[in-house]
Amino acid sequence: MKEYIGVEIGGTKQQLASFDENGRLIDLITERIPLPNGAVDIRNWIEENLPRLMCERTVAIGVGFGGILDSRTGVSYASVHVDGWDQFPLKTWFEETFGLPTTVVNDTVCGGYAEVLFGTGKGIDYFFYTNIGTGCGGALFIKGKNYDGWGTGGAYMGQMFIPSWDGSTDVVRMETICAGSFWEKRLRTPNYIPTDSLLYRRLDGRTDAVRCVDLCLAAKDGDAFSLAEIDRWARHYAIALSNFITCFAIQRVSIGGGVANSGEIVLAPIRKHAEELAFMSVKGEYDIVRCQSMDNAVILGAAMYARDGFVTI
């Protein structure tokens with residue numbers, strides 16, 4: 001039986017995995033590594049670890065890249081979060097380094113493809129996948145095929161403009177408010193978390209290391225500050241999401257990424273605000289769910305694109 005290697009190149013977490021031709025996981029290597037040299041550190045880590053997954057049954061590599069790339073040539077244009085990927089021949093590097101044909105696709109698109117094949121997008125004609133992690137991505141699938149624009153991607157939901165967090169008339173990119181990395185930066189601002197909140201007490205006042213998961217756990221236990229913070233965050237996220245639902249008549253939205261691991265405490269307010277904001281033409285015609293593949297979504301989708309090729313609309 002043939003095997004395929006899936007690679008996730010992220011802003012925080014790096015993953016490698018081997019899968020059989022039916023999408024069953026064989027082996028996994030995952031690590032959060034320091035990146036003082038940016039992309040160089042990631043390539044060194046891949047070069048050291050990927051050969052451990054290769055065997056005589058390995059026939060191809062699929063890469064989920066966390067940034068903008070030319071899917072026709074496999075050249076990365078840029079990463080929003082990691083320096084050193086500008087105009088890098090990613091496909092060529094993999095093929096020359098490991099001697100296997102390589103397919104390079106945006107990481108969010110890979111995550112969505114895993115859901116189209118095996119999860120919440122299976123059998124859904126108009127499907128939208130989005131992730132909330134270090135950044136916020138988006139991937140639109142119509143009858144199983146990804147919308148890739150003219151070859152550099154589309155549906156970049158995290159880069160849509162929404163009202164700023166401070167209530168001014170400014171507009172900002174949604175990702176800078178809603179992505180986990182930016183959310184944690186905001187929470188770590190001195191004096192941002194009230195001293196009388198349950199969250200503050202649980203942190204023993206050490207708010208400089210607060211994580212999104214800490215906020216969600218406090219909210220689940222009824223902390224008023226944490227609940228209000230999540231609701232406000234969810235409305236900003238839903239502004240961008242409801243525009244996609246309205247414009248493309250999405251039947252299902254599937255949300256992945258680290259923040260989505262907290263489940264209904266974040267999904268329920270997103271649903272509430274999206275339904276308030278979506279146009280009447282789509283109300284009641286869509287649902288918003290948590291993705292099934294979760295932390296394996298990108299590597300699974302990448303491996304399956306290595307198997308199937310990247311077919312777009």
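In the predicted model, the lining of the largest pocket comprises 13 nonpolar, 22 polar and eight charged residues. The pocket has a volume of about 1,000 Å³, and 43 residues line it. Nearest its centre lie N131, I132, G133, T134 and G135. Two or more lining residues are given by each of the helices α3 (107-118), α5 (180-187), α7 (212-220) and α10 (297-308), and by each of the strands β9 (126-132) and β10 (136-142).

One of the elements that contribute to this lining, α7, also packs against helix α8 (residues 224-248). The axes of α7 and α8 are 7 Å apart and form an angle of about 115°, and the crossing of the two helices is left-handed. On the α7 side the contact is made by L215, C216, A218 and A219; on the α8 side F225, S226, L227, E229 and I230 take part. By class, seven residues of this contact are nonpolar, one is polar and one is charged. The charged residue is E229 and the polar one is S226.

A further set of packing contacts involves helix α1, which spans residues 39-49. Its buried residues are A39, D41, I42, R43, W45, I46 and N49. In an α-helix, residues three or four places apart point the same way, because there are 3.6 residues a turn. The buried residues of α1 pack against the strands β1 (3-9), β2 (14-20), β3 (25-31) and β7 (88-89), and against helix α2 (90-98).

Methods
Residues numbered from 1 in each chain as written. Predicted model: local features only at pLDDT ≥ 70, side-chain atom pairs only at ≥ 80, totals over all residues. Heavy atoms only, no water. 1 Å grid on protein atoms, 1.4 Å probe; cavity = no way out; pocket = protein on both sides within 12 Å on 5 of 7 lines; lining within 4 Å. Points joined across faces, edges and corners; volume = space filled by probe spheres on them. Helix = DSSP H or I, 4+ residues; strand = E, 2+ residues; numbered from the N terminus. Axes fitted to C-alpha atoms, helices over the stretch in contact; angles between N-to-C directions. Left-handed = near helix turned anticlockwise from the far one by under 90°. Contact = heavy atoms within 4.5 Å. Buried < 20%, exposed > 50% of the residue type's maximum accessible area, 1.4 Å probe, protein only.
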